[in-house]
Amino acid sequence: MRVEDLDLGTRWPAKLVANTPLTPPEAREEVRELLFEVDDPERDFRAGQSVAVAVAGPHEFGQQQHVRLYTIARTPAELGPGRFTLCVRRCTFLDPYSGERFPGIASNYLCNLEEGSELPLAGPMGLPFLIPNDPNTPLLIIGLGTGIAPFRAMLRELYEERGWRGEVMLFHGARTGLETLYSGDVAEIAERAAGLSTVSVVSPRPAWGDPEDLSAAIREHRDEVWQLLNEPEIHVYMAGLTWVGEQFDAALAEAAGGSEAWDARKEEIKAAGRWMSLLY
Ligand SMILES: Cc1cc2nc3c(=O)[nH]c(=O)nc-3n(C[C@H](O)[C@H](O)[C@H](O)COP(=O)(O)OP(=O)(O)OC[C@H]3O[C@@H](n4cnc5c(N)ncnc54)[C@H](O)[C@@H]3O)c2cc1C
């Protein structure tokens with residue numbers, strides 16, 4: 001989904017009810033959960049879909065509005081009609097020439113937004129992460145950093161509403177344990193969910209700011225992951241920054257004994273409509 005292709009024609013007002021930090025003050029990164037309420041109780045928001053926020057300009061490069069997407073974290077199914085949350089990481093970037101740090105426009109706008117504010121949003125857009133009908137279906141879920149947002153709702157649905165019995169393997173995490181989102185919720189669900197195994201992924205060198213090492217985590221569980229991916233009905237769900245998909249492919253090429261073998265298996269899963277990813 002490209003931001004430039006989005007239809008922002010229909011916007012609807014949303015009220016920010018709560019803006020809560022998900023990370024402790026000592027964490028290197030700040031992630032906040034924003035609870036919104038819309039007046040239209042019929043408007044549905046599903047795990048895997050995103051909403052667009054347009055920050056009015058003019059901005060530095062002359063654009064009149066700065067549009068960015070954020071994934072639905074909690075859904076009306078959990079919070080009640082018209083309510084949903086977004087999980088936003090405060091972005092900053094380093095200017096390679098001046099060495100100065102600049103705040104990302106939309107993420108800082110949202111992180112700083114005061115409770116009670118009203119803003120126009122668009123969407124929801126994108127296909128929701130569909131859960132197969134058969135509760136015995138095996139699932140592989142990868143949600144690193146803010147990529148865990150849609151899966152918290154999905155895990156809840158799997159175990160609290162659907163009585164899932166199939167094998168489910170979840171890779172989740174962040175650079176450090178402090179930044180790992182919803183780890184309490186995941187641990188609580190895992191305690192009660194017989195078929196769910198969770199793998200926590202962190203950075204090998206958190207002090208250097210290196211990203212999480214998904215490849216190492218997959219290598220460590222190589223046989224289980226490869227076996228799961230070869231289950232005929234396997235469904236794969238992945239969300240997070242683009243490098244998550246790249247590391248996943250590299251690790252799986254190793255597990256499969258070469259990228260050709262992995263590409264072939266991945267294509268089969270995709271062709272059957274059982275591969276759902278939201279990388280940004
Ligand atoms: C489908 C989808 C779902 C998403 N879901 C989430 C989510 O749930 N949570 C979340 O936190 N994010 C999510 N994102 C990412 C989010 O949309 C934004 O991309 C992110 O928050 C950064 O936006 P920003 O406006 O804060 O930063 P921007 O102002 O757009 O800056 C972002 C980057 O652009 C570059 N850049 C911008 N300006 C300059 C400049 N002047 N010079 C050099 N480089 C520059 C920098 O590399 C910087 O890191 C999602 C993205 C997509 C596509």
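Strand E4 is the biggest giver to the shell around the ligand, handing over five residues. That's a good place to start with this predicted model, since the ligand's surroundings bring the two halves of the story together. Domain 1 (3-124) and domain 2 (139-279) both give residues to the shell, so the ligand lies between them.

**Around the ligand**

- In total, 23 residues surround the ligand, and the closest are Phe 93, Gly 104, Ala 106, Ser 107 and Tyr 280.
- Three elements give two or more residues to this shell: strand E4 (65-71), strand E5 and helix H2 (105-111).
- Sorted by class, the shell has 12 nonpolar, seven polar and four charged residues.

**How the two domains meet**

- The chain splits into domain 1, covering 3-124, and domain 2, covering 139-279.
- Taken over C-alpha atoms, the centres of the two domains sit 24 Å apart.
- At the meeting place, 19 residues of domain 1 are in contact with 17 residues of domain 2.
- On the domain 1 side of that contact, helix H1 (76-79) and strand E5 (83-89) each supply at least two residues.
- That same side of domain 1, the one touching domain 2, is made of nine nonpolar, four polar and six charged residues.
- E5 turns up twice here: it supplies residues to the side of domain 1 that touches domain 2, and it also gives residues to the shell around the ligand.

**Strands that pair up**

- Strand E1 (residues 11-21) runs antiparallel to strand E2 (residues 31-38), and the pair is joined over seven bridges.
- For a concrete example, look at Lys 15, whose bridge partner in E2 is Glu 37.
- E2 also pairs with E5, again in the antiparallel sense and over seven bridges.
- Here you can pick out Leu 34, whose bridge partner in E5 is Leu 86.
- While you're looking at strands, keep in mind that in a regular strand the side chains alternate between the two faces of the sheet.

**Helix H3, checked with a ruler**

- Helix H3 (residues 149-161) has 13 residues, and at 1.5 Å a residue it should span 18 Å; its end C-alpha atoms are 18 Å apart, which agrees.
- Plenty of H3 is tucked away: Ala 149, Pro 150, Phe 151, Arg 152, Ala 153, Met 154, Leu 155 and Leu 158 are buried.
- Just after H3 comes Gly 163, which takes a positive phi of about 55°.

**Backbone oddities to look for**

- The peptide bond from Gly 123 to Pro 124 is cis, with omega near 0°, and Pro 124 belongs to strand E8 (residues 118-125).
- Tyr 182 has a positive phi of about 55°, even though it isn't a glycine.
- You'll find Tyr 182 in the loop between strand E10 (168-173) and helix H4 (183-192).
- Being in a loop doesn't leave Tyr 182 out in the open: it has 22 C-beta neighbours inside 10 Å, so it counts as buried.

**Three buried residues and their neighbours**

- Leu 170 is part of strand E10, and it is buried because 23 other C-beta atoms lie within 10 Å.
- Beyond residues up to four places away in sequence, Leu 170 touches Ile 141, Leu 196 and Thr 198.
- Leu 170 and Val 186 are 16 residues apart in sequence, and their C-alpha atoms are 9.4 Å apart in space.
- Val 225 sits in helix H6 (residues 222-229), and with 22 other C-beta atoms within 10 Å it is buried too.
- Leaving out neighbours within four places in sequence, Val 225 is in contact with Met 169, Ile 218 and Ala 255.
- The C-alpha atoms of Val 225 and Gly 195 are separated by 14 Å, with their positions 30 residues apart along the chain counted as the distance apart.
- Gly 240 is in strand E12 (residues 235-240), and it is buried because it has 28 other C-beta atoms within 10 Å.
- Gly 240 and Gly 147 are 93 residues apart along the chain, yet their C-alpha atoms are separated by 3.8 Å.
- Gly 147 is also one of the residues that Gly 240 touches, along with Gly 143, Leu 144, Gly 145, Thr 146 and Leu 279, not counting residues up to four places away in sequence.

How values were computed: Residues are numbered from 1 along each chain as its sequence is written. This is a predicted model: local features need pLDDT of at least 70, side-chain atom pairs count only at pLDDT 80 or more; totals for chains, interfaces and linings use all residues. Domain bounds come from an automatic or database domain assignment. Two residues are in contact if their C-beta atoms, placed from the backbone, lie within 7 Å. Helices (H or I, at least four residues) and strands (E, at least two) are DSSP runs, numbered from the N terminus. Ala, Val, Leu, Ile, Met, Phe, Trp, Tyr, Cys and Pro count as nonpolar, Asp, Glu, Lys and Arg as charged, and the others, Gly among them, as polar. A residue is near a molecule or strand if its C-beta atom, placed from the backbone, lies within 6 Å of it. Two strands pair if DSSP finds at least two bridges between them. The expected span of a helix is 1.5 Å times one less than its number of residues. A residue is buried if 20 or more other C-beta atoms lie within 10 Å of its own, exposed if 12 or fewer, and partly exposed in between; C-beta atoms are placed from the backbone.
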